[in-house]
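Let's work through a few exercises together. Keep the sequence and the model side by side, and try each task before you read its solution.

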Amino acid sequence: MDRLLNLMTGFSILLIATVLASLRRAHIRVEYSVSWLGAGVLLLALSQWHGLLDHMADFLGVSYPPAVLLFVILGIGFLVFYRFSMILSALKDSNVALAQRVAILEFELRSMDRQPHE
Amino acid sequence: MIRPVEPGSLLILIPALNEAASIGQVVQECRAVMGAAPILVIDDCSRDSTALVARRAGAEVMRLPHHLGLGGAVQAGYKLAFELGYDYVIRIDGDGQHDPAGIPKILAALRQGGVEMVIGSRFSGHAGEHTSLARAIGIRFFRLLLWPILGQKVHDPTSGFVGVGRPALALFSNTFPLEYPEIEALVVLQRKAFRFIEIPCRMRPRRSGRSSITTLKSFYYIIHVLLGVFVNILKYEGPRRRS
């Protein structure tokens with residue numbers, strides 16, 4: 001169990017460090033890094049704070065506490081992906097509206113060019 | 001410039017994707033039937049010479065900066081028509097399936113008033129012309145599904161041969177389904193208590209190319225449209241205009 005939790009601690013630190021490095025290089029925007037940083041901190045806390053993991057396992061009726069950690073990782077993954085699906089949907093809506101507006105403006109510009117100058 | 005010159009002006013809208021083989025004849029047929037009515041082709045980033053052929057045939061062409069799909073292309077045309085002040089827009093497919101001879105009938109029904117959208121139907125008054133077995137089954141399925149939702153029987157809910165008046169134009173400029181828009185658009189109209197009717201129109205086999213809805217895609221189509229219909233029902237806001 002300890003080996004798995006230590007591995008999880010290492011993974012959490014790597015995740016947090018990667019996100020911070022990406023933020024520093026502007027490879028990821030702050031608003032989209034919050035989910036990953038939150039996930040990293042939560043995993044770090046759970047992998048180090050054995051008492052909390054044991055309490056959660058008792059509460060859920062799970063005899064093997066590290067299984068709770070996997071359950072939490074899965075839950076976080078679903079939440080982060082769902083949030084990104086929402087962001088993608090909003091981006092697609094904006095992108096369509098923008099493309100339509102560009103097409104309309106370009107069309108009107110061309111139409112004005114074709115009109116004889118008065 | 002493509003601007004309405006008098007009240008009650010009509011714009012003929014043709015969304016097109018890789019229709020170089022048929023678009024020229026469709027534009028010429030529309031011109032022959034409707035005379036000076038402006039024709040706008042929305043080129044959804046065709047890889048062939050659709051835009052060039054359409055221009056040579058006498059249409060104005062609005063080219064999208066990237067591929068948006070049928071709904072996005074049609075909505076771009078609706079937005080332009082609404083902003084320019086058109087009162088009526090009739091959409092016809094660029095593959096030659098819709099007979100432009102139906103345009104005057106659709107326009108007359110719109111001008112008569114009382115409805116915000118008129119659907120050119122291959123079934124209303126005809127015996128199911130030129131449609132594949134798979135599409136015929138799909139049409140029957142959605143006809144039955146939509147009957148209780150729309151409160152009226154729509155014989156050809158997948159028809160893209162439609163005319164809209166200015167109120168529907170305003171609505172569709174803001175809200176229009178991006179993919180497979182025909183059926184969802186009916187629900188969008190119904191949620192706003194807008195009225196629509198079907199009139200019989202002749203359909204022909206497509207002049208070139210293949211339908212974008214393959215056998216595999218037809219399953220995706222059904223699921224997508226079903227979801228879209230129910231999402232639009234859930235989106236319903238505010239009281240109905242019609243008592």
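**Exercise 1: Strands in a sheet**

Find the bridge partner of B:Met117 in S6(B), keeping in mind that you're looking at a predicted model.

*Solution.* Start at B:Met117 and hop across to S6(B): the partner there is B:Val164. Now zoom out to the two strands, S5(B) and S6(B), which run antiparallel and are joined by 3 bridges. Zoom out once more, and you'll see an open sheet of 7 strands in chain B, ordered S3-S2-S1-S4-S6-S5-S7, with mixed pairing. At its edges stand S3 (60–63) and S7 (196–200) of chain B; each has a single partner strand, so one side of each has no neighbour in the sheet.

**Exercise 2: One helix, one face**

Work out which residues of helix H6 (residues 166–174) of chain B are buried, and where they sit around its axis.

*Solution.* First, pick out the buried ones: B:Ala168, B:Leu169, B:Leu171 and B:Phe172. Next, look down the axis of H6(B): these buried residues fall within an arc of 165°, so they line one face of the helix. Finally, check what they pack against: in chain B, that's H3, S4 (88–91), S5 (117–121), S6 (162–165) and helix H7 (181–191).

**Exercise 3: Into the core**

Which residues touch the most other members of the largest nonpolar core?

*Solution.* This core has 68 residues, and the winners are B:Ile12, B:Leu13, B:Val41 and B:Val89. Its largest share, 8 residues, comes from helix H3 (residues 69–84) of chain B. Now take B:Val89: beyond its neighbours within four places in sequence, its contacts include B:Leu13, B:Val164 and B:Leu169.

How values were computed: Residues numbered from 1 in each chain as written. Chains lettered and ligands numbered in written order. Predicted model: local features only at pLDDT ≥ 70, side-chain atom pairs only at ≥ 80, totals over all residues. Core = buried A, V, L, I, M, F, W, Y, C linked by C-beta atoms within 7 Å. Buried ≥ 20, exposed ≤ 12 C-beta atoms within 10 Å, placed from the backbone. Helix = DSSP H or I, 4+ residues; strand = E, 2+ residues; numbered from the N terminus. Contact = placed C-beta atoms within 7 Å. Arc of directions from axis to C-beta. Pairing = 2+ DSSP bridges.
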